[in-house]
Amino acid sequence: MNQNSSVRKLARCAVVAAIYVVLCMALQPFSYGAVQVRVAEALCLLPVFGPEYIAGVVLGCFLANLLGSTIVDVIFGTLATLLACLVTYKLRALRFKGLALAASLPPVLFNAVIIGIEIAVLFPDPSSSAPLWLACITNGISVGIGELISCTVLGVLLVKIIETNAALRKVFVSE
């Protein structure tokens with residue numbers, strides 16, 4: 001790999017991280033909490049175009065959580081995003097009717113499980129008498145629905161737009 005290509009990949013990584021943070025901050029009421037549709041999570045599908053996007057999305061998530069959430073979310077939210085992006089990258093070539101649907105599922109599943117447990121354990125609803133396991137499931141479903149909207153709808157749409165637009169494909173696709 002030549003130096004120019006490395007610089008281009010590093011720049012992509014930085015831009016993606018910045019976009020992730022800006023989206024979270026600009027859409028703050030939707031980006032944080034038990035019920036959320038974090039639009040920036042659509043970027044979790046960018047590893048379909050190259051592994052450098054893993055670092056960009058994870059860095060963006062880390063910084064967004066550092067700026068807008070708790071230290072626990074900085075740790076576990078970033079971990080969920082890292083695991084999701086790694087598996088999304090592995091599923092990058094798997095398509096259903098030309099769509100990256102399989103690649104959209106790891107962010108949904110990892111966030112539903114990890115963040116669902118995080119919310120139930122660390123931020124329990126004081127008005128609820130539900131057992132912990134039920135709170136984990138309920139919060140997981142809530143987080144999962146938000147992730148389905150962000151990743152399986154918006155993220156898959158983002159991938160399709162990039163793949164079908166020559167100018168965008170030139171910008172996003174790794175050499």
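1. Does the distance between the end C-alpha atoms of helix 6 (residues 132-164) agree or disagree with the span expected at 1.5 Å a residue? The two agree, because the 33 residues of helix 6 should span 48 Å and the end C-alpha atoms are 45 Å apart. Helix 6 does have a bend, of about 30°, at Glu147.

2. The model is predicted, and confidence should be read before the details. For the protein chain the mean pLDDT is 92, with 97% of residues at 70 or more. Helix 4 (residues 71-90) has the highest confidence, at a mean of 96, and helix 2 (residues 28-31) the lowest, at 80.

3. On the nonpolar interior: the largest core contains 28 residues, and Tyr20, Leu46, Phe49 and Val57 have the most contacts inside it. Two or more residues of this core come from each of helix 1 (3-26), helix 3 (52-68), helix 4, helix 5 (101-122) and helix 6. Helix 3 gives the largest share, six residues. Another core, of five residues, lies apart from this one and includes Ile114, Ile115, Ile119 and Val143. In soluble globular proteins, nonpolar side chains tend to be buried together.

4. On the cysteines: how many disulfides does a search of the whole structure find? The number is zero. For Cys85, the closest cysteine sulfur is that of Cys44, at 4.2 Å, which is too far for a bond because a disulfide needs the two sulfurs within 2.5 Å. Cys44 also holds the closest cysteine sulfur to that of Cys151, but the distance is 5.0 Å, again too far for a bond. Cys85 is buried, at 0% relative accessibility, and Cys151 is buried with a relative accessible area of 0%.

5. Three residues of helix 3 deserve a look, beginning with Ile54. Is Ile54 buried or exposed? Ile54 counts as buried because its relative accessibility is 11%, and the cut-off is under 20%. Beyond its neighbours within four places in sequence, Ile54 is in contact with Pro47, Leu82, Cys85, Leu86 and Tyr89. Tyr89 is 35 residues from Ile54 along the chain, yet their C-alpha atoms are separated by 7.9 Å.

6. Cys61 is also in helix 3 and is buried, with 1% relative accessibility. Which residues does Cys61 touch, not counting those up to four places away in sequence? They are Tyr20, Arg38, Gly77, Thr78 and Thr81. The C-alpha atoms of Cys61 and Ile115 are 13 Å apart, with the two positions 54 residues apart along the chain counted as their separation.

7. Asn65, likewise placed in helix 3, has 1% relative accessibility and counts as buried. Setting aside neighbours within four places in sequence, its contacts are Tyr32, Arg38, Thr70, Asp73, Val74, Gly77 and Thr78. Arg38, Gly77 and Thr78 are among the contacts of Asn65 and are also touched by Cys61.

8. One backbone angle should be checked by eye. Where is Lys97 placed? Lys97 sits in the loop between helix 4 and helix 5. Its phi is positive, about 55°, although Lys97 is not a glycine. Lys97 counts as exposed because its relative accessibility is 75%, and the cut-off is over 50%.

Notes: Residues numbered from 1 in each chain as written. Heavy atoms only, no water. pLDDT = per-residue confidence, 0-100. Helix = DSSP H or I, 4+ residues; strand = E, 2+ residues; numbered from the N terminus. Expected span 1.5 Å × (residues − 1). Bend = angle between axes of the 7 residues up to and from the residue. Core = buried A, V, L, I, M, F, W, Y, C linked by side-chain atoms within 4.5 Å. Buried < 20%, exposed > 50% of the residue type's maximum accessible area, 1.4 Å probe, protein only. Contact = heavy atoms within 4.5 Å.
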